[in-house]
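User: Please take a close look at one part of this model, the place where two helices cross. I would like a connected description of that contact and then of how it sits in the rest of the chain.

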Amino acid sequence: MKYLALILLIAGGYALYLFDLTKDFSSNDTRVLSQLEQTGEKCMSIRDRATANIVPIVEFQQLELESRRATVFASCMKDHGFSENPAWLKYAEPLARQDSTESGISYDEALENLRRSEMLILTPSPPHPMYWADVR
C-alpha cells in the first residue's frame with residue numbers, strides 16, 4: 001500500500017511537470033510596465049499595508065476606510081511625481097454633474113466617487129484621458 005501511494009505521488013508530480021512543459025511559451029504575456037503602472041502597483045501595496053489593520057464594523061467605518069485608502073494612494077502617487085490630470089478633471093466634471101442629478105447626491109460626492117475609481121486605472125483606456133499626469 002505504501003508503494004502504491006509513493007508511485008501515485010511520483011506519477012502526479014511527473015504529470016504536473018509535463019503539464020508545465022506543454023504551456024505555450026511562444027505567446028509571451030510579459031510586458032514592460034510603464035512608470036505609472038510600476039508606481040501605481042507600489043502605491044497600491046503601500047495603501048493595502050497602511051489600512052490592513054482597520055476592520056470596519058459599521059457603515060461609517062467602511063466609508064472612513066475607503067477614504068483613508070484613497071488618501072494614502074493619492075499621497076504616494078504625488079510623492080512619486082504624479083498629479084491629477086487637468087484634462088481628466090474637465091472630462092469628469094460633466095459626468096459628475098450628471099451622476100449627481102441621477103443619484104440624488106451632491107456634485108462634490110459624485111466627483112469624489114469618480115475620482116476614487118479612476119485613480120486606480122493605471123493603463124490608458126481611450127477615448128477619455130488618464131487620471132494621473134506625470135509632473136516630473
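Analyst: The part to start with is the crossing of helix α2 (residues 35–50) and helix α3 (residues 59–79), whose axes come within 9 Å of each other at an angle of roughly 140 degrees. Axes here are lines fitted to C-alpha atoms, for helices over the stretch in contact, and angles run from 0 to 180 degrees between N-to-C directions. α2 and α3 are therefore oblique to each other; angles under 35 degrees count as roughly parallel, over 145 as roughly antiparallel, 65 to 115 as roughly perpendicular, and the rest as oblique. The crossing of α2 past α3 is right-handed. A crossing is right-handed if the near helix is turned clockwise from the far one by less than a right angle, and left-handed if anticlockwise.

On the α2 side the contact (heavy atoms within 4.5 Å) is made by Leu36, Thr39, Gly40, Cys43, Met44, Ile46, Arg47, Asp48 and Ala50. On the α3 side the residues are Arg69, Val72, Phe73, Cys76 and Met77. By class, the residues of this contact are 9 nonpolar, 2 polar and 3 charged. Ala, Val, Leu, Ile, Met, Phe, Trp, Tyr, Cys and Pro count as nonpolar, Asp, Glu, Lys and Arg as charged, and the others, Gly among them, as polar.

The model is predicted: local features need pLDDT of at least 70, side-chain atom pairs count only at pLDDT 80 or more, and totals for chains, interfaces and linings use all residues. Residues are numbered from 1 along each chain as its sequence is written, and side-chain values use heavy atoms, with hydrogens and water left out.

Within this contact, Arg47 of helix α2 is buried, at 10% relative accessible area. Buried means under 20% relative accessible area, exposed over 50%, and partly exposed in between (1.4 Å probe, protein chains only). Beyond its neighbours within four places in sequence, Arg47 is in contact with Arg69, Val72, Phe73 and Leu120. Ala52, in the loop between α2 and α3, counts as exposed, with 52% relative accessibility. Its C-alpha atom is 9.8 Å from that of Leu65, 13 residues away along the chain.

Further along the chain, helix α4 (residues 86–103) and helix α5 (residues 107–118) have axes that come within 8 Å and cross at roughly 125 degrees. That makes α4 oblique to α5, and α4 passes α5 in a right-handed crossing. In α4, Trp88, Leu89, Ala92, Glu93, Leu95, Ala96, Arg97, Asp99 and Ser100 meet Tyr107, Ala110, Leu111, Leu114, Arg115 and Glu118 of α5. This contact has 9 nonpolar, 1 polar and 5 charged residues. Ala92, in helix α4, is buried, at 0% relative accessibility. Ala92 touches Leu111 and Leu114, not counting residues up to four places away in sequence.

After α5, Pro127 is found in the loop between α5 and β2 (132–134), and the peptide bond from Pro126 to Pro127 is cis, with omega near 15 degrees.

As for the whole chain, the elements run α-α-α-β-α-α-β from the N terminus on, giving 5 helices and 2 strands. Helices (H or I, at least four residues) and strands (E, at least two) are DSSP runs, numbered from the N terminus. Of the 136 residues in the chain, 24% are buried. Among contacts with a separation of 6 or more, 66% are between residues 24 or more positions apart.
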